[in-house]
Amino acid sequence: LKDSIAQLVVAQNHNAYFSLTFNRDAQQAHSDFSPVELQNLLEDYIFSANDNPNGSPLLHSLGSDWIINKIHVVNHQWILADFTNGTQWGDALFLFQINGNGKPHLRLLNHVMYP
């Protein structure tokens, strides 16, 4: 049992390597926010964009009706997102910044679509 737990801890640490939660250098870039506060701020902003009747404006360059299902904050600048329109799926990479008012600004850098 102890070996299994140790293996799980190693696997978790390995998987969390690219995560704002464990990246102190990235955390310092947004020192006004804890990692949890920044995650919540970004989630609220991104998921509220899904309320648009034409889909998320964050994905407007891909067409209409796309919504973001899940995000992962990689570091102080990048977000990975899973998105769908109900029949197609893909992953997206966003660049984000927090302006002086504490509001996020996101820019789609790239995306992949799955058949």
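Select Leu62 first; not counting residues up to four places away in sequence, Leu62 touches Phe83, Leu108 and His111. The model on screen is a predicted one. Leu62 sits in the loop between H3 and S1. Its relative accessible area is 23%, so Leu62 is partly exposed rather than buried, a word kept for values under 20%. Now add Ala49 to the selection: the C-alpha atoms of Leu62 and Ala49 are 15 Å apart, with these positions 13 residues apart along the chain as the separation.

Stay in this loop and select Asp65, which also lies between H3 and S1. The phi angle of Asp65 is near 75°, a positive value in a residue other than glycine. Asp65 has 45% relative accessibility and therefore counts as partly exposed.

**The strands**

Next, select residues 67-73, strand S1, together with residues 78-84, strand S2. S1 and S2 pair in the antiparallel sense, over six bridges. To see one facing pair, pick His72 and, opposite this residue in S2, Leu80. Four residues lie between S1 and S2, and the two strands form a hairpin.

Extend the selection to strand S3, residues 89-98. S2 and S3 are paired in the antiparallel sense over seven bridges. Here the pair to pick is Ala81 and Ala92, the latter in S3. S2 and S3 likewise form a hairpin with four residues between them. Which residue in the turn has a positive phi? Select Gly86, where phi is about 100°. While the strands are displayed, turn on the side chains: in a regular strand they alternate between the two faces of the sheet.

**The core**

Which residues have the most contacts inside the largest nonpolar core? Select Leu42, Ile68, Ile71, Ile79, Phe94 and Phe96; the core as a whole has 20 residues. Helix H3 (35-49) supplies at least two residues of this core, and so does each of S1, S2 and S3.

Keep Phe94 selected and show what surrounds this residue. Leaving aside neighbours within four places in sequence, the contacts of Phe94 include Leu58, Leu59, Ile68 and Ile79. Also in contact with Phe94 are Gln77, Trp78 and Ala81. Further along the chain, Leu106, Arg107, Leu108 and Leu109 complete the list for Phe94.

**The loop between H2 and H3**

Move to His30, in the loop between helix H2 (24-29) and H3. Is His30 buried or exposed? His30 is buried, because its relative accessible area is 12% and the limit for buried is under 20%. Apart from neighbours within four places in sequence, His30 is in contact with Leu38, His76, Phe96 and Ile98.

Then select Ser31, which is also in the loop between H2 and H3. Ser31 has a relative accessible area of 60% and is therefore exposed. Add Ala92 to the selection and look at the separation: the C-alpha atoms of Ser31 and Ala92 are 26 Å apart, and the two residues are 61 residues apart along the chain.

**A patch on the surface**

For the last stop, select Leu1, Ile5 and Val9, which make a nonpolar surface patch of about 330 Å². Val9 lies in helix H1, residues 2-15. With a relative accessible area of 41%, Val9 is partly exposed.

Methods:
Residues are numbered from 1 along each chain as its sequence is written. This is a predicted model: local features need pLDDT of at least 70, side-chain atom pairs count only at pLDDT 80 or more; totals for chains, interfaces and linings use all residues. Side-chain values use heavy atoms; hydrogens and water are left out. Two strands pair if DSSP finds at least two bridges between them. Patches are made of residues with over 30% relative accessible area and no salt bridge: like charges are joined within 9 Å, nonpolar side chains (Val, Leu, Ile, Met, Phe, Trp, Tyr) within 5 Å. Accessible areas come from the Shrake-Rupley method with a 1.4 Å probe; for residues, only the protein chains shown count as cover. A salt bridge is a side-chain nitrogen of Lys or Arg within 4 Å of a carboxyl oxygen of Asp or Glu. Buried means under 20% relative accessible area, exposed over 50%, partly exposed in between (1.4 Å probe, protein chains only). A nonpolar core is a set of buried Ala, Val, Leu, Ile, Met, Phe, Trp, Tyr and Cys residues joined through side-chain atoms within 4.5 Å. Contact means heavy atoms within 4.5 Å.
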